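Reader: Hey, got a minute to walk me through this model? I'd like to start with what sits inside.

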Amino acid sequence: MRNRDYGPDVLAAGNKRRARELRRVPAETGLVVEDATGRFCGAVVLCEKDAVTLEDRHGARRVFPLGPAAFLLEGEPVMLVRPAVPAGPAPGRGPAARTASGSVAAPPSRAKVARASRIYVEGRHDAELVEKIWGDDLRDVGVVVEYLGGIDDLPGIVGRFRPGPGQRLGVLVDHLVDGSKESRLAAVVRSPGVLVVGHPFIDVWAAVKPAVVGIGGWPRIPPGTPWKEGVLRALGWPPDTGAAWQRILRSVTGFADLEPEFLGRVEELIDFVTAPGSH
């Protein structure tokens, strides 16, 4: 049974004016937000007439009311509202087709000219996962995804790319945590035309929900032990990381199979490179 204990109304009497001032954000599937208290973070999996359901990285779900209740989006208090209902299909044609990311599939069209803006993804497995879930969406908007072999290559790539208002560069980095080499390099290259974001997972394998690949959880690997090899030993899988990744990738069929922290970062990059004024 879904929990409908919404908790205290942080915008109750005396705070209605604040509610009117909050930025209104459509509760689109996959949007990652926190509740106003900061105690629950999850991706939108369902939006009903008066409530929104969030799912956290462990698969736990909670239901929150729509209306004047505040949520935190990248630290900013916002008000979630029902997304606009897309026009329905013509009678007798069935429901609208959806891409693996949950978006309404665009009708077939001629190939589009690629935008000047680009997305770089660190790690071959990361790039393959982005392609599987968001490939159709990215092709529809003309965004090319490039493979970033390592974070050390980033300053040179940014220098050659020459980002600007009409030519944006989005970068997805593995395991971007404070104080790391990755975070220092990201700080060096960030600018209004460059957005560097990272997921918290030590490897993109862990961005796939454990249940999707038939395990109870991703094993904890002692520091100093190569993570992928340690995972294979702990799970009793053959010692072949390439075959293991293909097994994991085959198990992923849509956005709901991925952790919210990964979903949110990719969606953020796509929004950045397709914002009005970028090409």
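Reader: So how many residues does the largest nonpolar core have, and which have the most contacts inside it?

Author: Bear in mind this is a predicted model. The largest nonpolar core has 40 residues, and Leu129, Trp134, Trp205, Trp218, Leu258 and Phe262 have the most contacts inside it.

Reader: Which elements give two or more residues to this core?

Author: Those are strands S8 (118–122) and S11 (194–198), plus helices H2 (124–141), H5 (227–235), H6 (241–251) and H7. H7 gives the most, with 7 residues.

Reader: Is H7 largely enclosed or not, and why?

Author: Largely enclosed by the rest of the structure, because 10 of its 14 residues are buried. Among them are Phe262, Leu263, Val266 and Leu269, and also Arg265.

Reader: What does H7 lie across?

Author: H7 lies across S8, S10 and S11, and runs at about 170° to S10. H2 lies across S8, S9 and strand S10 (169–173), at about 150° to S8.

Reader: Switching to the sheet: what's the strand order?

Author: S9-S8-S10-S11, in an open sheet of 4 strands with parallel pairing. Strand S9 (144–148) and S11 each have a single partner strand, so they stand at the edges with one side lacking a neighbour in the sheet. From one strand to the next, the twist averages 20°.

Reader: And how many bridges join S8 to S9?

Author: 5 bridges join them. Glu122, for one, has Leu148 in S9 as its bridge partner.

Reader: Back to Trp218: what is it in contact with, sequence neighbours aside?

Author: Leaving out neighbours within four places in sequence, Trp218 is in contact with residues including Trp205, Pro210, Trp227, Leu235 and Ile248.

Note on methods. Residues numbered from 1 in each chain as written. Predicted model: local features only at pLDDT ≥ 70, side-chain atom pairs only at ≥ 80, totals over all residues. Heavy atoms only, no water. Buried < 20%, exposed > 50% of the residue type's maximum accessible area, 1.4 Å probe, protein only. Core = buried A, V, L, I, M, F, W, Y, C linked by side-chain atoms within 4.5 Å. Contact = heavy atoms within 4.5 Å. Pairing = 2+ DSSP bridges. Axes fitted to C-alpha atoms, helices over the stretch in contact; angles between N-to-C directions.
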